[in-house]
Amino acid sequence: MQLLWLLHLQDAAGQTKKAALRIQRLRKIQTLHLKAHQQEQAAILVSGATAANQYEGGWNEGGKGISVSDCARHHLDVDVQDYKAHNSITTKDIEDALKSTDDSLYPKRHASDGYHHYKEDIKMYAEMGFKVYRMSIAWTRIFPNGDDKEPNEEGLKFYDDVFDECLKYGIEPLVTMSHYEPPINLVLNYDGWASREVIDMFVRYVEVICERYKNKVKYWLTFNEVDSMIRHPYTTGGLVEDRFPGRNFQEVIFQAMHHQFVASALATKICHEKIPGSKVGCMLTKLTYYPYTCKPEDVLQAQQDMRSTYCYSDTQVFGEYPAYLLAKFKNEGIHIKMEEGDLDIMKQYPVDFVSFSYYSSSCVAKNADGLKTTAANTMIAIKNPHIPSSDWGWQIDPIGLRISLVDLYDRYRKPLFIVENGLGAKDELVNGTVDDQYRIDYFDAHFREMLNAIEIDGVDLMGYTSWGCIDIVSESTKQMSKRYGFIYVDCDDEGNGTYKRYKKKSFDWYKHVIETNGACLFEGEE
Ligand code: BGP
């Protein structure tokens, strides 16, 4: 799978000398690149991404079961940077959610109503020129409770229709098997992913979807941001702390993580066996940390914090626990129960490529006392005084994307795929559109650094899908008003609105970027 639009820059007439030279150089790289890999050129261009739990809505339609996301309420009166408040949950909160008939409190129950609008939306993605569309399958549409004897045919049919709609326009689905949507039944009647039985349930789910969609889906991701379990264990692993009284909750989380590592390896095996030529990726939250000063202790802190996220992708890419994670388990008395064969399965079925999300970079220091902090993706860090922040505090750092690409490629030497990148902002609909020049500027700057990583740093980048190609519900704050899309959805934080779609200014810009294969980024350069 090649990211061609950046390397395959058209010799658009009128390109200036510098840009023309750049194009020549890129073509050379492309030739070398393809020779080195002898890979068939699936023209994967720049495109977009969503996730079922944040896009579909239709939470109780089509035979779908209830997921952890359907029980996650918003807290609109709480500071958007207070992640603890936005992401903590108790068994009582879940019981209240299951009794509640007020869907306005639970934004993901309606989300962007993609369940009823997906045909119209995919048509607009095709209009922008998408050649790939990252989405997820909601586990609870296929096995409503996770432990059901038989799959739900209505759910299987729904995704058949979604994939057919994509393929009708020549759009390749890139499918995440688990994106923040474990069945709530696993939380209440098992121990979420801390239960060993959940591996078998997940494997059954994967066997069913790979068999059903083997002629429609070639590219898969196993667990979205597998590392995020440590930061929001409920959303990623169906773990609620009050259900593990007297237990070391970090140990419970790592036990659940082990089960997901085994499940991910088994899912990779199933994909490769059922779908020849399929590619399976892990998916990492790329949190890029800078030392706040050049003090050695700050540099060490940044290195340690980077490792605290790499340990998950290291495990899935190298197929074994890295020594430093095993050392952590030993030093902190974390005991992971493993069964005979677990480590062999993980070693035998590592992922084929590394996908990741990148939104912002963050600063860290050994001693953060007195330093200003700001929010980032699923975490709070020290504010970098040299770069701007979004309305939600996430710092805007295009060079950080290049740093992340180089870091990951040097570490893994496997093809990379940016599956989330974008700007959550307060968009205002005026006269049927949104002037989101700030979003265009964000993408323009990030694309340039992505190009530098390919052209100058030699990174093997397979593809790029922007996050939230259409407005969808924010994971961290459950807000619809934190908008990411090129397409505005008329719906507020409590689900009120017409759900009509409107093209933002960035819609046509993105369309032009794709149709010119990126050359328009350099128009007007001397
Ligand atoms: C990533 C998740 C996405 C999405 C994204 C944007 O961590 O994989 O599902 O949520 O972050 O973050 P947010 O929705 O919190 O603005």
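1. A quick word on classes before the ligand: Ala, Val, Leu, Ile, Met, Phe, Trp, Tyr, Cys and Pro count as nonpolar, Asp, Glu, Lys and Arg as charged, and the others, Gly among them, as polar. With that in hand, the shell around the ligand splits into five nonpolar, six polar and four charged residues. Bear in mind that this is a predicted model.

2. Who sits around the ligand? There are 15 residues around it, and Q54, E225, E475, S476 and Y484 come nearest.

3. Now the polar contacts to ligand oxygens. E475 uses its backbone: a polar atom there is 2.7 Å from an oxygen atom of the ligand. E420 works through its side chain, with a polar atom 2.8 Å from a ligand oxygen. For N377, an N or O atom of the side chain lies 3.0 Å from an oxygen atom of the ligand. As for burial, the ligand has 380 Å² of accessible area on its own, and the protein covers 99% of that.

4. On to the empty space. Searching the whole structure turns up five cavities of 30 Å³ or more. The largest cavity holds about 200 Å³ of space. Its lining is made up of 19 residues, and Q54, N377, E420, W467 and E475 are the closest to its centre. By class, the lining comes out as seven nonpolar, eight polar and four charged residues.

5. Putting the two views together: the largest cavity is the space taken by the ligand. Worth a look on screen is E475, which is among the residues that come nearest to the ligand and also among those closest to the centre of the largest cavity.

Conventions: Residues numbered from 1 in each chain as written. Predicted model: local features only at pLDDT ≥ 70, side-chain atom pairs only at ≥ 80, totals over all residues. Heavy atoms only, no water. Near = heavy atom within 4 Å. Polar contact = N/O pair within 3.5 Å; in protein donor to acceptor, adjacent residues only side chain to side chain. Areas by Shrake-Rupley, 256 points an atom, 1.4 Å probe, with all protein chains shown as cover. 1 Å grid on protein atoms, 1.4 Å probe; cavity = no way out; pocket = protein on both sides within 12 Å on 5 of 7 lines; lining within 4 Å. Sits in = over half its atoms within 2 Å of the grid points. Points joined across faces, edges and corners; volume = space filled by probe spheres on them.
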